[in-house]
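Subject: Structure handover and notes

Hello,

Here is the structure for you to take over. My notes follow below it.

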Amino acid sequence: MKILAIDSCSLVATGAILDGDKLTAEFVLNNDKTHSVKLLPQIENMMKASDTDFSEIDVFAVRDGPGSFTGQRIGMATAKALAHGCNKPVRTVSSLMSMAYNVPFFDGIICPIMDARREQVYNALYKWENGRLITLADDRALALADLLEELKGKKTVFLGDGVKPFCDKIKYTLGDNAFIPPSHLIHLRGGSVAKCALDNGVDITYGEAVPKYLRPSQAEREYNDRNGK
């Protein structure tokens with residue numbers, strides 16, 4: 001099976017082509033350009049550089065969230081459009097679960113965190129057991145302080161764009177139980193999205209693929225605040 005994986009849920013835009021167990025191509029961009037500008041050109045460059053035609057792709061994988069509302073929509077729309085044009089299925093996978101594939105040999109708790117603003121994070125918890133990824137806590141939005149209290153005394157590796165702004169608090173609270181990987185593993189990689197989709201994804205039509213939001217958008221929250229909702 002040949003999978004084209006796409007992600008733009010965070011500050012990083014990434015994509016990959018996975019052909020069975022072979023990672024054919026991958027790109028990762030973290031240079032502050034908007035995803036609407038850089039995502040499609042990089043996908044095209046990756047396809048050309050790997051001598052891959054879109055007709056060869058069996059399934060289009062995309063993260064459906066959580067993450068940036070705009071980023072989720074850009075990645076999802078791109079995957080849906082490509083799948084529609086090629087008449088191929090889509091596989092959606094969690095942003096957080098995909099990140100756990102960056103550290104397959106860590107023997108403690110894997111804790112992806114994405115900055116949700118206002119001292120909150122999008123989070124899930126995982127652990128590898130006998131080569132399988134086990135979910136300890138499903139995708140959720142919660143206060144960073146509550147998450148760190150939950151993890152006290154537990155060996156934990158942190159991944160995601162929430163690491164940089166909250167690194168000092170994490171280390172202060174968890175001490176030697178907090179592990180921060182090198183920079184090339186903190187952010188999600190397209191190959192991890194593809195592998196997560198291969199292991200966990202279910203084929204759906206492009207019309208069935210939709211972003212998943214863990215909380216209302218900022219515009220919705222501000223509207224509700226103004227109207228006492």
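The lining of the second largest pocket splits by class into six nonpolar, five polar and three charged residues. Please keep in mind that this is a predicted model.

Pocket and cavity

The volume of that second largest pocket is about 200 Å³. Its lining comprises 14 residues, and those nearest the centre are Asp64, Thr92, Val93, Ser94 and Lys212. Two of these names, Asp64 and Lys212, come up again with glutamine 72, which is in contact with Ser8, Cys9, Asp64, Gly65, Pro66, Gly67, Pro211, Lys212 and Tyr213 when neighbours within four places in sequence are left aside. Glutamine 72 belongs to helix 2, residues 69–86. Its relative accessibility is 2%, so glutamine 72 counts as buried, the cut-off being under 20%.

As for enclosed space, the count is one cavity of 30 Å³ or more. The largest cavity holds about 50 Å³. Around it are Ser10, Arg63, Met99, Met114, Gly160, Asp161, His187 and Leu188. By class, this lining has three nonpolar, three polar and two charged residues.

Sheet 3-2-1-4-5

Five strands make up an open sheet with mixed pairing, in the order 3-2-1-4-5. Strand 3 and strand 5 (90–93) are at the edges, and each of them pairs on one side only. On average, neighbouring strands here are turned by 15 degrees against each other, direction ignored.

Strand 2 (residues 13–19) runs antiparallel to strand 3, and seven bridges join the two. Within this pairing, alanine 16 is opposite glutamate 26 of strand 3. Leucine 23 also sits in strand 3, which spans residues 22–29. With a relative accessible area of 42%, leucine 23 is partly exposed. Outside its neighbours within four places in sequence, leucine 23 is in contact with Ala16, Ile17, Leu18 and Gly191. One long-range pair to note is leucine 23 and glycine 190: they are 167 residues apart along the chain, and their C-alpha atoms are separated by 9.7 Å.

Sheet 8-7-6-9-10

The other sheet I looked at is also open and has five strands, ordered 8-7-6-9-10 with mixed pairing. Its edges are strand 8 and strand 10 (178–179); each has a single partner strand, so one side of each has no neighbour in the sheet. Helix 4 (residues 144–151) packs on this sheet and touches strand 6, strand 7, strand 8 and strand 9 (156–159). The direction of helix 4 makes about 145 degrees with that of strand 8.

Why can strand 7 be called largely enclosed by the rest of the structure? Of the 10 residues in strand 7 (residues 120–129), seven are buried, and therefore the strand is largely enclosed.

On one side, strand 7 pairs antiparallel with strand 6 (residues 109–115) through four bridges. Isoleucine 110 has tyrosine 126 of strand 7 as its bridge partner. The two strands form a hairpin with four residues between them, and arginine 117 in the turn has a positive phi of about 70 degrees.

Strand 7 also pairs with strand 8 (residues 132–143), again in the antiparallel sense, over nine bridges. Among the facing residues, tryptophan 128 has leucine 133 of strand 8 as its bridge partner, and valine 121 is opposite leucine 142 of strand 8. This hairpin has two residues between the strands, and asparagine 130 takes a positive phi near 55 degrees.

Isoleucine 109 is located in strand 6. Its relative accessibility is 12%, so isoleucine 109 counts as buried. Leaving aside neighbours within four places in sequence, isoleucine 109 is in contact with Leu125, Tyr126, Leu136, Leu151, Lys154, Lys155, Thr156 and Val157. From isoleucine 109 to leucine 125 the C-alpha to C-alpha distance is 6.7 Å, with their positions 16 residues apart in sequence counted as the separation.

Regards

Key: Residues numbered from 1 in each chain as written. Predicted model: local features only at pLDDT ≥ 70, side-chain atom pairs only at ≥ 80, totals over all residues. Heavy atoms only, no water. Buried < 20%, exposed > 50% of the residue type's maximum accessible area, 1.4 Å probe, protein only. Pairing = 2+ DSSP bridges. Contact = heavy atoms within 4.5 Å. Axes fitted to C-alpha atoms, helices over the stretch in contact; angles between N-to-C directions. 1 Å grid on protein atoms, 1.4 Å probe; cavity = no way out; pocket = protein on both sides within 12 Å on 5 of 7 lines; lining within 4 Å. Points joined across faces, edges and corners; volume = space filled by probe spheres on them. Nonpolar A, V, L, I, M, F, W, Y, C, P; charged D, E, K, R; others polar.
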